[in-house]
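Here is a short tour of how some helices pack and how a ligand is held in view. Please have the sequence and the model open as you read.

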Amino acid sequence: MCNTTNIITVDGPSGAGKGTLTQLLAEYFDWNILDSGALYRILGVASQLEGIDLTVDELSNESGEKITLTARSLDVDFKVNQQSKQVEPFLNGENLAKSIRTDDAGQAASKVAAIPAVRDALLARQKDFAIAPGLIADGRDMGTVVFKHAVIKIFLTASAECRAKRRYEQLIKQGVGANMRALLLSIQARDKRDQMRPVAPLVPAADAFIVDSSELNIEQVFEQVLEYIREKAPNFTSK
Ligand code: C5P
């Protein structure tokens, strides 16, 4: 277990650049990564494999209970891909790195994530990632719930329009057809669900360093964050 002084939390809405910032920080410090969103995404996939319809607006209590049981027994594993250096998630031994990255999987994740008992069921699993020498934890409630004693808490945000545009450009680059308006609506729906839920809503921790990346590229974001860390936690040193 690493102590709470060796944890950096990176929270914020989808598409603000948290994943890339987390990766850069993990490489810089040579620390571990927790991609908590991947856990919720995998749970969404696992629930759908069990026949639960996550496209409905309101989940029934019965579905909520089934999803919670699935969360408790989820056979999930994270392994570093030695070539790409990215952490890849596995469900029952199957690599889901690509399939959980769709917008539908993001919507499904945000539905299962709104169930309080599900969040409870995944809490200990997330805390287990705090292994020496340190952890960069990426999510929505890393600084407010899961690692609320972390010394460094970053909240990375950007306007919904800007996040939709980035996602659009990313999909076009991958040769995947995309619709800007549909992406914007999807991002706004997910933001709303994440911000309005009663348990662990998406809000910056009171002691978070807030960075708006709307007008910044990822190198500028990384520099601002490093400068803040150097000032607030000078004992955090690069590898
Ligand atoms: O970060 P990512 O986009 O992969 O997260 C997918 C969804 O999982 C989010 O929209 C959110 O609803 C949920 N989530 C969460 N708490 C976290 C991480 C993700 O509720 N710590």
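## Helix packing and ligand contacts

Helix 2 and helix 4 are roughly perpendicular to each other (the term covers angles of 65 to 115 degrees). This is a predicted model, where local features need pLDDT of at least 70, side-chain atom pairs count only at pLDDT 80 or more, and totals for chains, interfaces and linings use all residues. Numbering starts from 1 along each chain as its sequence is written, and side-chain values use heavy atoms, leaving out hydrogens and water.

Helix 2 spans residues 36-49 and helix 4 residues 103-113; their axes are 8 Å apart, at an angle of about 90°. Contact here means heavy atoms within 4.5 Å. On the helix 2 side, Tyr40, Arg41, Leu43, Gly44, Ser47 and Gln48 take part, meeting Ala105, Gly106, Ala108, Ala109, Val112 and Ala113 of helix 4. Those residues divide into seven nonpolar, four polar and one charged.

Helix 7 (residues 160-173) and helix 8 (residues 180-196) have axes that come within 9 Å and cross at roughly 130°. Helix 7 passes helix 8 in a right-handed crossing. By class, their contact has eight nonpolar, one polar and five charged residues.

Now to the ligand. Of the 17 residues around the ligand (a heavy atom within 4 Å), Arg41, Arg119, Arg190, Asp194 and Arg197 come nearest. The table gives some polar contacts (N or O atom pairs within 3.5 Å).

| Side chain | Ligand atom | Distance |
|---|---|---|
| Arg119 | oxygen | 2.8 Å |
| Asp141 | nitrogen | 2.8 Å |
| Arg190 | oxygen | 2.8 Å |

Terms used. Axes are lines fitted to C-alpha atoms, for helices over the stretch in contact, and angles run from 0 to 180 degrees between N-to-C directions. Helices (H or I, at least four residues) and strands (E, at least two) are DSSP runs, numbered from the N terminus. A crossing is left-handed if the near helix is turned anticlockwise from the far one by less than a right angle, and right-handed if clockwise. Ala, Val, Leu, Ile, Met, Phe, Trp, Tyr, Cys and Pro count as nonpolar, Asp, Glu, Lys and Arg as charged, and the others, Gly among them, as polar. A polar contact is a pair of N or O atoms within 3.5 Å; within protein, one must be able to donate a hydrogen and the other to accept it, and residues adjacent in sequence count only if both atoms are side-chain atoms. Angles under 35 degrees count as roughly parallel, over 145 as roughly antiparallel, 65 to 115 as roughly perpendicular and the rest as oblique.
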